[in-house]
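Me: Could you take me through the strands of this structure, and then a spot on its surface?

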Amino acid sequence: MNLSEELIWRGFSAETTIKDPAELDARASKKFYWGADPSADSLTIGNLAAAMMCACFVRHGYQPYLLVGGATGQIGDPKENGERDLKSLDEVEHNKKCIGEQMRRVLNVPSVTMVDNYDWFKNINYLDFLREVGKSFSMTQLLDRQFVQNRIGEGGSGISYAEFSYTLIQGYDFLHLYRKYGIDLQLCGADQFGNCSSGIHLIKRLENATADAWSTPLIIDPATGRKFGKSEGNAIWLAGHDNGGGNYTSVFDFYQFWLNQPDSAVEYLLKIYTVLDKPEIERIMAEQEAAPEKRIAQKALAQGVTEVVHGKEATEAVCELTGRLFAGGLEELTEAEIAKFGEYLAAASRGAGLFDALVATELCASKSEARKLAAAGAISVNGVKAAEDMPVEQVAILKRGKNKFAVVK
């Protein structure tokens, strides 16, 4: 398939300024940029959907530019229902580095050209910005934006001038990148299309030139009906637990998330989150239909996404780990095997009490919950049920219920 056909087949098509998708196949300038909000030190699987769309463009010869907003990250992309917490410069810088490395892996390129809007905004004179950018928009145009209406309407929480100005800043980003790099295409999630339109408006008004935006639909969690994302409280992070930051999902839990997707959603997710081509996905779905109990499609999905995000070696290891953990016989695992598996599970340090370890690895929300679950026989250490708190001095696999695991190492 060519690019336009693949985008539509995979479901990477929502609002766009491009009248005929086939224009993407013969576009003279094969450059695009995609912006990531550095409000956390990891992307989520919600971001991953848009990143996989970017990877599709890269496979078809487009040159990617990643904008991680050091300036906009200090203001916050406006939410529907309230102000975002502001980040310090040090936090933003740390988050930028983490996100850049994740995007490099997802795009499957040796390096990613990263740009930071703090580099150009730090020297912009406020009056000059108002004269060039502010004068290019009418208040009616800005007040009509849906997120603004939600915030200032009856029952709304109100909106600060800083967040109200966010769309002007993002619009100027597009203008700057057009002027400096000749980038005339912005990719985004559907919720960002309005902000992209601000940049297109500026480029047309100030440069008398044409630019475009292409967006992908927001991905909805089939289990909850909510969008995938960190603001929804259901975040699955791309960072493994060794990223050194505060936002992570262990490789094992990441793999299990995809393995547990319902039959009704798996084909849809295979197209979005893996690089498997159409014939391969059609073959997988035919096998799934013939023997749904084997969950062939879920296994292909889990392996495909995990390999994109964490690499082939980690994926092979977590496949083996999954087989060992669910086959029983945990008491027969050697200390070396448990230590190896510990690279892919949430981990706690030896010497702590069992209940503290359960909380530290997020198998339990609190020590009181750990106590109740242990009393009910739902907690085990290396395959042996533990009815009460005790010190865990050895390397061990902790298990809650039937399918939640962590390690003490």
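Reply: The following turns treat the strands and then the surface.

Reply: This is a predicted model, in which local features need pLDDT of at least 70 and side-chain atom pairs count only at pLDDT 80 or more, while totals for chains, interfaces and linings use all residues. Residues are numbered from 1 along each chain as its sequence is written, and side-chain values use heavy atoms, with hydrogens and water left out.

Me: In what order do the 5 strands of the open sheet lie?

Reply: The order is β6-β10-β9-β7-β8, with mixed pairing. The edge strands are β6 (347-348) and β8 (384-385), each of which pairs on one side only. Strands here are DSSP runs (E, at least two residues), as helices are (H or I, at least four), numbered from the N terminus. Two strands pair if DSSP finds at least two bridges between them.

Me: How many bridges join β9 to β10?

Reply: There are 5 bridges between β9 and strand β10 (residues 404-408), and the two run antiparallel. One partnership links I397 with V407 in β10. The two strands form a hairpin with 3 residues between them, and G401 in the turn has a positive phi of about 65°.

Me: And which residues are the bridge partners of S380?

Reply: In β9 the partner of S380 is K399, and in β8 the partner is K385. Strand β7 (residues 379-381) pairs with β9 (residues 396-400) over 3 bridges in the antiparallel sense. β7 and β8 are also antiparallel, joined by 2 bridges.

Me: Moving on to β4: how many of its residues are buried?

Reply: In strand β4 (residues 185-189), 5 of its 5 residues are buried. Buried means under 20% relative accessible area, exposed over 50%, and partly exposed in between (1.4 Å probe, protein chains only). L185, L187 and G189 point one way, and Q186 and C188 the other.

Me: Why do side chains alternate?

Reply: In a regular strand the side chains alternate between the two faces of the sheet.

Me: Which strands pair with β4 in the parallel sense?

Reply: Strand β1 (residues 31-36) does so over 2 bridges, with Y33 opposite Q186. Strand β5 (residues 212-216) does so over 5 bridges, and T216 in β5 is the bridge partner of G189.

Me: Now the surface. Is E313 buried or exposed?

Reply: E313 is exposed, with a relative accessible area of 65%. E313 is found in helix α15 (residues 312-326).
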